[in-house]
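Open the model in your viewer and keep the selection panel at hand. Each stop below tells you what to select and what is there.

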Amino acid sequence: MSEQRHQQRQQRLKEQVDARIKAANEVRGILMVFTGNGKGKTTAAFGTALRACGHGKKVAAIQFIKGEWPNGERNLLEQHGVEFQVMATGFTWETQNRATDTAACQQVWQHAKRMLADPQLDLVILDEITYMVSMDYLDLDELVAALQQRPTGQSVIITGRGCHRSLTELADTVTEMRPVKHAFDAGIQAQQGIDW
């Protein structure tokens with residue numbers, strides 16, 4: 001490809017991007033959903049949290065399902081003023097107690113509702129909340145109402161597999177992680193600092 005042709009193509013691309021930027025004039029927080037069966041949903045959410053913190057934004061996170069074992073993102077982000085609330089019962093397939101898991105979900109959900117009503121928070125992460133909805137530990141309508149009533153400038157990230165259609169329809173941005181290959185499937189153990 002000639003230099004002139006390359007420059008013309010890049011100029012057309014620039015004009016398209018500039019037009020999209022000019023058309024995007026609404027300013028408000030966004031609802032993002034990171035779902036799918038692939039690895040990286042929580043990682044993407046906390047990557048966004050790091051970016052927000054780096055710009056001086058106030059961030060808070062709720063971790064449903066995660067346990068009390070060492071958590072790299074929490075270890076780092078708490079040092080930068082990020083509030084973490086963790087369900088702390090661990091994986092539901094380990095506890096196998098619906099009543100206990102529901103009570104734990106409801107307890108941490110009270111923190112989530114507080115965060116979702118706090119106009120000082122720029123970003124709230126609801127990590128693995130999709131499972132709470134699909135397992136009926138958390139009422140979908142209550143979650144939707146809290147998301148719809150949050151402060152205008154607040155962004156929210158929802159993570160987890162099997163996100164309910166009502167949440168993906170409500171969301172501004174939806175990314176589906178698709179598995180192609182995973183080390184665990186080949187018998188390689190999960191690693192601290194990589195997988196958690």
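The tour goes from the whole chain to single strands, helices, residues and a pocket.

**Whole chain**

Start with everything shown as a cartoon. This is a predicted model. The chain holds eight helices and six strands. Trace it along the sequence, and the order reads α-β-α-β-α-β-α-α-β-α-α-β-α-β. Along the principal axes, the C-alpha atoms fill a box of roughly 65 × 45 × 35 Å. Of the 196 residues, 37% count as buried.

**A long distance to draw**

Select Gln7, which sits in helix H1 (residues 3-23). Its relative accessibility is 55%, so Gln7 counts as exposed. Now draw a distance to Pro151, 144 residues away along the chain. The two C-alpha atoms are separated by 44 Å.

**Strand S5 and its neighbours**

Next, select residues 155-159, which form strand S5. Is this strand enclosed or open? Five of its five residues are buried, so S5 is largely enclosed by the rest of the structure. Show the side chains. Ser155, Ile157 and Thr159 point one way, while Val156 and Ile158 point the other.

Add strand S1 (residues 31-35). S1 runs parallel to S5, and four bridges join them. Look for Met32, which stands opposite Ile157 of S5.

Then add strand S4 (residues 123-127). S4 is also parallel to S5, again with four bridges. Here Ile125 is the residue opposite Ile157.

**Just after S4: Glu128**

Step on to Glu128, in the loop between S4 and helix H6 (129-134). Check its backbone: phi is positive, about 70 degrees, although Glu128 is not a glycine. Buried or exposed? Glu128 is buried, with a relative accessible area of 12%.

**Past H6: Asp136**

Select Asp136, in the loop between H6 and helix H7 (140-148). Asp136 has a positive phi too, near 60 degrees, and is likewise a residue other than glycine. Its surroundings contrast with those of Glu128: Asp136 is exposed, at 58% relative accessible area, whereas Glu128 is buried.

**Helix H5**

Go back along the chain to residues 98-116, helix H5. How far apart should the ends be? At 1.5 Å a residue, the 19 residues should span 27 Å. The end C-alpha atoms are 26 Å apart, which agrees. Now colour the buried positions of H5: Asp101, Ala104, Cys105, Val108, Trp109, Ala112, Met115 and Leu116. Asp101 and Trp109 are among them.

**Asn71 and Arg74**

Select Asn71, in the loop between strand S2 (59-63) and helix H3 (72-77). Its relative accessibility is 10%, so Asn71 counts as buried. Add Arg74 and show its backbone. The backbone nitrogen of Arg74 lies 2.9 Å from a polar atom of the Asn71 side chain.

**The second largest pocket**

Finish with a surface view. Rolling a probe the size of a water molecule over the atoms shows where empty space is left. The second largest pocket holds about 310 Å³ of space. Which residues are closest to its centre? They are Gly29, Lys57, Asp122, Gly153 and Ser155, out of 13 that line this pocket. You have already met Ser155 in S5.

Now highlight helix H2 (residues 41-54). H2 gives the largest share of the lining, three residues. By type, the lining divides into four nonpolar, five polar and four charged residues.

How values were computed: Residues are numbered from 1 along each chain as its sequence is written. This is a predicted model: local features need pLDDT of at least 70, side-chain atom pairs count only at pLDDT 80 or more; totals for chains, interfaces and linings use all residues. Side-chain values use heavy atoms; hydrogens and water are left out. On a 1 Å grid over the protein atoms alone, a cavity is a set of points where a 1.4 Å probe fits but cannot get out, and a pocket is an open set with protein on both sides within 12 Å along at least five of seven lines; lining residues have an atom within 4 Å of a point. Grid points are joined across faces, edges and corners, and a volume is the space filled by probe spheres set on the points. Helices (H or I, at least four residues) and strands (E, at least two) are DSSP runs, numbered from the N terminus. Ala, Val, Leu, Ile, Met, Phe, Trp, Tyr, Cys and Pro count as nonpolar, Asp, Glu, Lys and Arg as charged, and the others, Gly among them, as polar. The expected span of a helix is 1.5 Å times one less than its number of residues. Buried means under 20% relative accessible area, exposed over 50%, partly exposed in between (1.4 Å probe, protein chains only). Two strands pair if DSSP finds at least two bridges between them. A polar contact is a pair of N or O atoms within 3.5 Å; within protein, one must be able to donate a hydrogen and the other to accept it, and residues adjacent in sequence count only if both atoms are side-chain atoms.
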